[in-house]
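Open the model in your viewer and keep the selection box handy. We will go from stop to stop, and at each one you will hear what to pick and what to look for.

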Amino acid sequence: MPMTTQTEGKLPPSPDSLLVRICTWNVAEITAANLIKCDLIKSWVRGKENDSSADVIVIGLQEVDMSANALVREKTKKGGKWGKMLSQALSNENYTLVDSRQLMGLALFLFCRDEIEMHLENVEVVTAKTGFFNRFGNKGGVCARFWLNGRSFCFINSHLAAHHSKVSRRNKDHDRIVNIAAFTHQPQQIMSHDYVFWFGDLNYRLNLTRDEVVNSLGLTSKEILMSSHDQLSNEMQRGRVFFGFREPPIAWAPTYKCIKNCEGSYSNKRSPAYCDRILYCDGYSREEAEGKKLREPDSMDSETSVGSILATNKKGMQCTVCFRDDRPGKTRKSGWKCTKCIGKKSNQSSWALSTFPDEDIPQKRKGRAKCPKIRNISYTDHPEITPSDHRPVHGLFAVPEMWK
């Protein structure tokens, strides 16, 4: 089970906190025009009347436009219409659209309150393609970043490889986005930021049949269902993907594959799954992850005593690294080698046990103190919004001590 915080939703945010609302939805190519007057969309992107108002709202959409035209142009009219609709939904709340970007089906929109916009620095948006031959944007990520009051924030909206059996491919898509998404200003790497939010249609499934999932929803707690059968939870627990990230506890039904325009029903053709997720990473979650053992018992081959970890070379490039355990309880550091380079001549013989570039480790730049821990306020789906076969998800997070 991925790391989770212990205080989610129990206390209101303090006055000096920055409130960040993350919204994600695979819209399955529905048009924004049909949703402009939908109050349900407003409750998804800005919250209900009694909810705490966010200072920053980041909205990630997937499958906005999957046409051949979008495959070539990447930016289409559909993406622009979604931007106008979302701006209209927030028009009475004094929010400004700071930046946006479309990568074929992916679209990211960064909003913030008018009084905060003038304090944002080094705002950038970049894209990373992981689709056909890693050259097309049918899968990939759109990454936005900024500095605010001396802290760096990064947001990644991604759509990873589909289908139940493609777990390894999804992991590789994650690695590629981390490796190739580079910003102009420091910090240039995703994982070098103080706070990282990663969300979207991550496409990880439940290792159960459709009937097993449906029958277990009313009988089994979501925590047991996720820890035992969820692919993403299992991969994170083994350190294979999203190293150092947390996810708040899930207490709702799967968001895929739902019957369109029908609440509470799932397709007979696919097994329901929690494809739509929001993860976050800060200095505390990184420290906790790095403090764990380098390998779990089930990650070792008992005959060859070889295990693997996710590491980063001095150039900041991530890769899975294999190591050999010569003695019980001991790891020979000099034996680390990049698994992609085994059998090849390579000068990448030195690897660091970190997922962060050596030259720009967050929380340690110029001896600065570790930034305060992110606290989750809410994390839920919106089953009442039914036009797509996915249900929207939002998370509200508090970043403490931003205005001291």
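Select histidine 163 to begin: this residue is partly exposed, with a relative accessible area of 46%. The words used for cover have fixed limits: buried means under 20% relative accessible area, exposed over 50%, and partly exposed in between, with a 1.4 Å probe and protein chains only. You will find histidine 163 in the loop between E7 and H5. Its phi is near 85 degrees, a positive value in a residue other than glycine.

A note on what you are viewing: this is a predicted model, in which local features need pLDDT of at least 70, side-chain atom pairs count only at pLDDT 80 or more, and totals for chains, interfaces and linings use all residues. Residues are numbered from 1 along each chain as its sequence is written, and side-chain values use heavy atoms, with hydrogens and water left out.

Labels such as E7 and H5 come from DSSP runs, numbered from the N terminus: helices are H or I runs of at least four residues, and strands are E runs of at least two.

**Another positive phi**

Now pick glutamate 29, in the loop between E1 and helix H1 (39-46). Here phi is near 65 degrees, again positive in a residue other than glycine. Glutamate 29 counts as partly exposed because its relative accessibility is 34%.

**A five-stranded sheet**

Go back to E7 and select its sheet. In what order do the strands of this open sheet lie? The order is E5-E6-E7-E8-E9, five strands with mixed pairing. E5 and strand E9 (276-281) stand at the edges with a single partner strand each, so one side of each is left without a neighbour in the sheet. On average, neighbouring strands of this sheet are turned by 10 degrees against each other, direction ignored. Angles like this run from 0 to 180 degrees between N-to-C directions, and the axes are lines fitted to C-alpha atoms, for helices over the stretch in contact.

Strands of a sheet pair through backbone hydrogen bonds, either parallel or antiparallel. Two strands count as paired if DSSP finds at least two bridges between them. Highlight strand E7 (residues 151-159) and strand E8 (residues 195-201): seven bridges join this parallel pair. Within it, phenylalanine 155 has phenylalanine 197 in E8 as its bridge partner.

Add helix H5 (residues 167-180), which packs on the sheet and touches E5, E6, E7 and E8. Contact here means heavy atoms within 4.5 Å. The direction of H5 makes about 135 degrees with that of E5.

**Two cis peptide bonds**

Follow the chain to proline 187, in the loop between H5 and E8. The peptide bond leading to proline 187 from glutamine 186 is cis, with omega near -10 degrees. Then move to lysine 257, in the loop between helix H8 (231-237) and E9. A cis peptide bond joins lysine 257 to tyrosine 256, with omega about 0 degrees.

**Strand E4 and its partners**

Select strand E4 (residues 106-113). Is this strand mostly covered or mostly uncovered? Mostly covered: eight of its eight residues are buried. Strand E2 (residues 56-62) runs antiparallel to E4, and six bridges join them. In this pair, isoleucine 57 stands opposite phenylalanine 111. Strand E3 (residues 95-103) also pairs with E4 in the antiparallel sense, over eight bridges. There, tyrosine 95 has arginine 113 as its bridge partner. The hairpin of E3 and E4 has two residues between the strands, and methionine 104 takes a positive phi near 55 degrees.

**Leucine 18**

Next, pick leucine 18 in strand E1 (residues 18-26). Leucine 18 counts as buried because its relative accessibility is 0%. Show alanine 398 as well: the two are 380 residues apart in sequence, yet 5.6 Å apart in space, C-alpha to C-alpha. Leaving out residues up to four places away in sequence, leucine 18 touches several others, including Val56, Ile116, Phe397 and Trp403.

**The whole chain**

Finally, zoom out. The protein chain has nine helices and 15 strands, and buried residues make up 53% of its 404 residues. Among contacts between residues at least 6 apart in sequence, 71% join residues at least 24 apart.
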